[in-house]
Amino acid sequence: MSGPTDATLWDLEEHFWTSGRDNARATSAEDAVMILPYPPGILQGDEIWSHASQSTGWRSVVMTDRRTIHRGALALLVYRVSAEKSDLPLHNAFCASTYLHDDGTWRRLAHQQTAIQ
């Protein structure tokens, strides 16, 4: 899978950052895992959305060094992000998101961020 599939995945990933908690939840698996810089650390399932209510609102996101890896029904997106929101310093991180193509829909299984100092 490549081409339009990759464009769809990168569009989902950008909206994950910019479209708020409800969109992120709708495009994630029910038991998804997020690993974020401490705190909060490792979150799973409903823990993600409790935390996300406090951390939504990225007004701009730039993803560079993009790579996409496909293995069967799985896709891995890896990239460097520079994200900005009001009243906070610029957030720079290396990220990886894993998606599963199930029943015609891509769902995020995992997302991990490593802060760049």
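**View 1. Pro-39 sits in the loop between β1 and β2, and the peptide bond leading into it from Tyr-38 is cis.** Omega for that bond is near -25 degrees. Right after it comes Pro-40, placed in the loop between β1 and β2 as well. The bond from Pro-39 to Pro-40 is also cis, with omega near 20 degrees. A word on the names: helices (H or I, at least four residues) and strands (E, at least two) are DSSP runs, numbered from the N terminus. This is a predicted model, where local features need pLDDT of at least 70 and side-chain atom pairs count only at pLDDT 80 or more, while totals for chains, interfaces and linings use all residues. Residues are numbered from 1 along each chain as its sequence is written, and side-chain values use heavy atoms, with hydrogens and water left out.

**View 2. Stepping back, the protein chain holds three helices and six strands.** Along the sequence they come in the pattern α-α-β-β-α-β-β-β-β. The radius of gyration, taken over C-alpha atoms, is 14 Å, close to the 13 Å from the globule rule (2.2 Å times the number of residues to the power 0.38), so the chain is as compact as a globular protein of 117 residues. The C-alpha trace spans about 40 × 30 × 20 Å along its principal axes.

**View 3. Six strands make an open sheet in the order β2-β1-β6-β5-β4-β3, with mixed pairing.** At the edges are β2 (42-44) and β3 (60-71), each pairing on one side only. From one strand to the next, the twist averages 15 degrees; axes are lines fitted to C-alpha atoms, and angles run from 0 to 180 degrees between N-to-C directions. Two strands count as paired if DSSP finds at least two bridges between them.

**View 4. Strand β6 (residues 105-115) pairs with β1 (residues 28-35) in the parallel sense, over four bridges.** Ser-28 has Arg-108 of β6 as its bridge partner. With β5 (residues 91-102), β6 runs antiparallel, and ten bridges join the two. Here His-101 stands opposite Trp-106. The hairpin of β5 and β6 has two residues between the strands, and Asp-103 there takes a positive phi near 55 degrees.

**View 5. Two aspartates with positive phi lie in loops: Asp-87 between β4 (74-84) and β5, and Asp-103 between β5 and β6.** For Asp-87, phi is about 65 degrees, although the residue is not a glycine. Asp-87 is exposed (over 50% relative accessible area), with a value of 79%. Asp-103 is exposed too, at 76%.

**View 6. Trp-58 lies in the loop between α3 and β3.** This tryptophan is buried (under 20% relative accessible area, with a 1.4 Å probe and protein chains only), at 17%. Trp-58 and Thr-68 are ten residues apart in sequence, and C-alpha to C-alpha they are 23 Å apart in space.

**View 7. The count comes to one cavity of 30 Å³ or more.** A cavity is a set of points on a 1 Å grid, over the protein atoms alone, where a 1.4 Å probe fits but cannot get out; lining residues have an atom within 4 Å of a point. Its space is about 40 Å³, counted as what is filled by probe spheres set on the points. The lining includes Phe-16, Ser-28, Trp-49 and Arg-108. Elements giving two or more residues to this lining are β1, α3 (46-55) and β6.

Note on methods:
On a 1 Å grid over the protein atoms alone, a cavity is a set of points where a 1.4 Å probe fits but cannot get out, and a pocket is an open set with protein on both sides within 12 Å along at least five of seven lines; lining residues have an atom within 4 Å of a point.
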